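Thanks for coming, everyone. Let me put the structure up, and then we will walk through a few spots in it.

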Amino acid sequence: MLTKYISLLFTFVFGSSFLFAQVDRTKAPEAGPAPKIQVGEYKSFELKNGLKVFVVENHKIPRTTFSLIFDNDPILEKEKAGYVTMAGQLLRSGTTNYTKAELDEEVDFIGASLRASSNSVYGSSLSKHTDKLLQLMTDVLFHPAFPEDELEKIRKQTLSAIAAGKESPNEIASNVEAVLTYGKDHPYGELTTEETVENVTVEDIKNYYNTYFKPNVAYMAVVGDISFKDAKKLVKKYFNDWEKGDVPQVSYEQPQAPDQTMVAMVDRPSSVQSVISVTYPVELKPGQPDVIKASVMNQILGGGFSSRLMQNLREDKAFTYGARSSISSDKLIGGFSASASVRNEVTDSAVYEFMKELKKIRNEQVEQSELDAAKASIVGSFARSLEQPSTVASFALNTARYNLPEDYYQNYLRNVSSTTLAEVKAMADKYIKPDHANILVVGKASEVADKLKTFGPVKYYDIYGNEYDPQDKTQVPAGLTADKVIDNYIKAIGGKAALNKVKSIKTVMGADMGGRSITITSIKKEPKKVLLEVSMAGNVMSKQVVNGEEVSVSQMGNNVPIDETAKEQLMIEGYIFPEMKYEELGVETKLAGVEKVEGIDAYAVELTYPSGNKVTEYYDVETGFKIRVARNLETPQGTVNVATDMGDYKEVSGVFFAHSITQPMGAMKLNIQASEIQVNPEVSDDIFKP
């Protein structure tokens, strides 16, 4: 049916959204000598209301930037999780003096940039427009309108992003890792869901703004083509009357590493790869002497191309495109994480290598050459960062926010260079905890879970970090097979007799893509004749044609080469109802189990095409309708699973068709709605010419 063709269409048209910039990683860059660093100077002052200001003059480019940061403690948002982020988005969505459109026009007119978040406001423009920039910036800061209609737009975008995240193994891993590491009763472990987003009101956002946007917890960096005298004059002009206020301070129970290492399994039956993350919290606050030494240790373990994890899992074992680790400092609680994406068949082997490297760096002293290379890499990154004047401002802000010694950054490279082998060993002993870690695996449990038991007890978690017993899942009824599931689907949409009467079909669907309307027109005619066009503003963006044994795909009038696997799928799915011909076409079917699709129990049927390519289809247990098609897309970074959802089945001429399709588009989802479905229209064969 059309839904499967839509899925293939977006594989061709938008597959590039899954591609990443490719870098030559066949060899590590050579380490250079440690440069002599002079951290730039800054001047500072404080207004009577408590606003602390840091000025970094740089007159090379006639541009000035104002960055305002609020140093508030993270808060628990509970049943309204997500409202803090939404508050920052809504802050920039209009003021009492300008609508969002008018504000955008004013900013664009002076060639400026103006952004806001839940804890910052940022503005940048040519220096000659600085006064106008600050007028707009303070209007956003002091007179936000918080329009209801703009909140609804943000809500819709947030819900779309959440929906897309449910199908992203990396996003799932990030969410579950947060829950495992910090717990749901900690701000860092709290998740935003559809339910919590729906609970957010304008009043919630106003209360957050009125409570936390105060000058006495704010820091401003002024960077660029402006003198200290002029910066001070302008800041006083626009911020002197800002009234300070009491801001709540909160404390939380300190998250702890697990008593013993355990495996957290998030089951994704359609996955051909596993996302692995070894994680736990660490008590490491900014400015502590351990921070620099621990970063040197982590650089050796998994901080770069030459690190042990990268060389082991990528270069030696070829398990992954990249394996890395990180150790973070934070005023509340830091964290350690080591991660990679690997093929299903090597998941347990990859976990073994992760744990081996963690134990090795604890139990054995590193080589001097490794230490020297790690230091050189850190020194080089630090030196390059100083090319940006904003780095100096960041140093000033960090020094003030975290009560760092005034010479912390002046001595940074000296402290990196003085780190010894013994200190690296001490940092590993203190912060690397292979016996007290969460080993998170997001992947196909039926292929990997049993092999992971050797690393610790295996517990199952859903995509929200809730533990569950896999035995509690809905079981496949005795005697049910994939063929019977497909037969039930055919009956649900009308039955074989009705489907056999369908010789042609035309479907017109539409969607909004970033404010632009697109139209998708599909015409099918038996046997195996298909025309599929995607157009925008009357222009054909993409076209697919199947005519018997001929297949062509074009984008913007240019032919796109397709491999034999894609051609095979297009040929098989060229039938109006290919499900009726799977056996005849050599498509093998297997009932893999019962899985949740957007909270609905669905039978997962694995299809194996003659080429060996696999696709998984999901059929609603209750209605029999097909509600999802998941297929794999090859990218330079590995295999990505792309799921196309369908719903809103309606009857047309005795046959039920899905009138709603949801297709992933990077971090968002494209909602496609049918406006016209015709059964057995007159169709000329001429339109199927490649």
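**A threonine and its neighbours**

Start with T181: its side chain reaches the backbone oxygen of E177 at 2.7 Å. Keep in mind that this is a predicted model.

Where does T181 lie? It lies in helix α6, residues 169-182. Is T181 buried or exposed? It is buried, because its relative accessible area is 3% and the cut-off for buried is under 20%.

Now its contacts. I leave out residues up to four places away in sequence. On that basis T181 touches P255, T279, Y280, P281 and N438.

Take N438 from that list. N438 lies in strand β11, residues 438-443. How far apart are N438 and T181, in sequence and in space? They are 257 residues apart in sequence. In space, C-alpha to C-alpha, they are 7.6 Å apart.

N438 counts as buried too, at 5% relative accessibility. Again skipping residues up to four places away, the contacts of N438 include L180 and T181. N438 also touches P258 and M262. Then come S277, V278, T279 and Y280. So T279 and Y280 appear in the contacts of T181 and in those of N438, where both lists use the 4.5 Å limit for heavy atoms.

**A lysine between two helices**

Next, K166. K166 is found in the loop between α5 and α6. At 16% relative accessibility, K166 counts as buried.

Which side chain does K166 join in a polar contact? The partner is E194, and the contact is 2.5 Å. Leaving aside neighbours within four places in sequence, K166 is in contact with I172, E194, I463, Y464 and E598.

**Aromatic residues**

How many aromatic pairs does a search of the whole structure find? The search finds 24. Here is one of them. Y42 and F54 form an edge-to-face pair. Their centres are 5.9 Å apart, with 65° between the planes.

This pair links distant parts of the chain. Y42 sits in the loop between α1 (2-13) and β1 (43-46). F54 is in strand β2, residues 52-57. The two are twelve residues apart.

Their exposure is worth a look. Y42 is partly exposed, with a relative accessible area of 30%. F54 is buried, at 7%.

There is also an aromatic cluster. Its members are F70, Y83, F142, F146, Y208, Y209, Y212, F213, F239 and W242.

**Backbone geometry**

Stay with F146 from that cluster. Most residues other than glycine have a negative phi, and most peptide bonds are trans. What is the phi of F146? It is positive, about 50°, although F146 is not a glycine. F146 is found in the loop between α4 (130-142) and α5 (148-165). F146 is buried, with a relative accessible area of 5%.

S653 also has a positive phi, about 55°, and it is not a glycine. S653 is found in the loop between β24 (638-652) and β25 (655-665). Is S653 buried or exposed? S653 is exposed, with a relative accessible area of 56%.

Now a peptide bond. The bond from E526 to P527 is cis, with omega near -5°. P527 has its place in the loop between β15 (516-525) and β16 (529-536).

**Two helices and a loop residue**

Last stop: helix α12, residues 347-363, and helix α16, residues 421-431. Their axes come within 7 Å and cross at roughly 130°. That angle makes α12 oblique to α16.

Which residues make the contact? From α12 they are I361, R362 and N363. From α16 they are K425, A428 and D429. How do the residues of this contact of α12 with α16 divide? Two are nonpolar, one is polar and three are charged.

One more residue, E387. E387 has its place in the loop between α13 (368-385) and α14 (389-401). E387 is exposed, with a relative accessible area of 61%. E387 and R414 are 27 residues apart in sequence. Their C-alpha atoms are 19 Å apart in space.

**To wrap up**

Two pairs to look at again on the screen. T181 touches N438, across 257 residues of sequence. K166 and E194 have side chains joined by a polar contact of 2.5 Å.

Conventions: Residues numbered from 1 in each chain as written. Predicted model: local features only at pLDDT ≥ 70, side-chain atom pairs only at ≥ 80, totals over all residues. Heavy atoms only, no water. Axes fitted to C-alpha atoms, helices over the stretch in contact; angles between N-to-C directions. Helix = DSSP H or I, 4+ residues; strand = E, 2+ residues; numbered from the N terminus. Parallel < 35°, antiparallel > 145°, perpendicular 65-115°, else oblique. Nonpolar A, V, L, I, M, F, W, Y, C, P; charged D, E, K, R; others polar. Buried < 20%, exposed > 50% of the residue type's maximum accessible area, 1.4 Å probe, protein only. Polar contact = N/O pair within 3.5 Å; in protein donor to acceptor, adjacent residues only side chain to side chain. Phe/Tyr/Trp six-rings, centres within 6.5 Å; stacked < 30°, edge-to-face > 60°.
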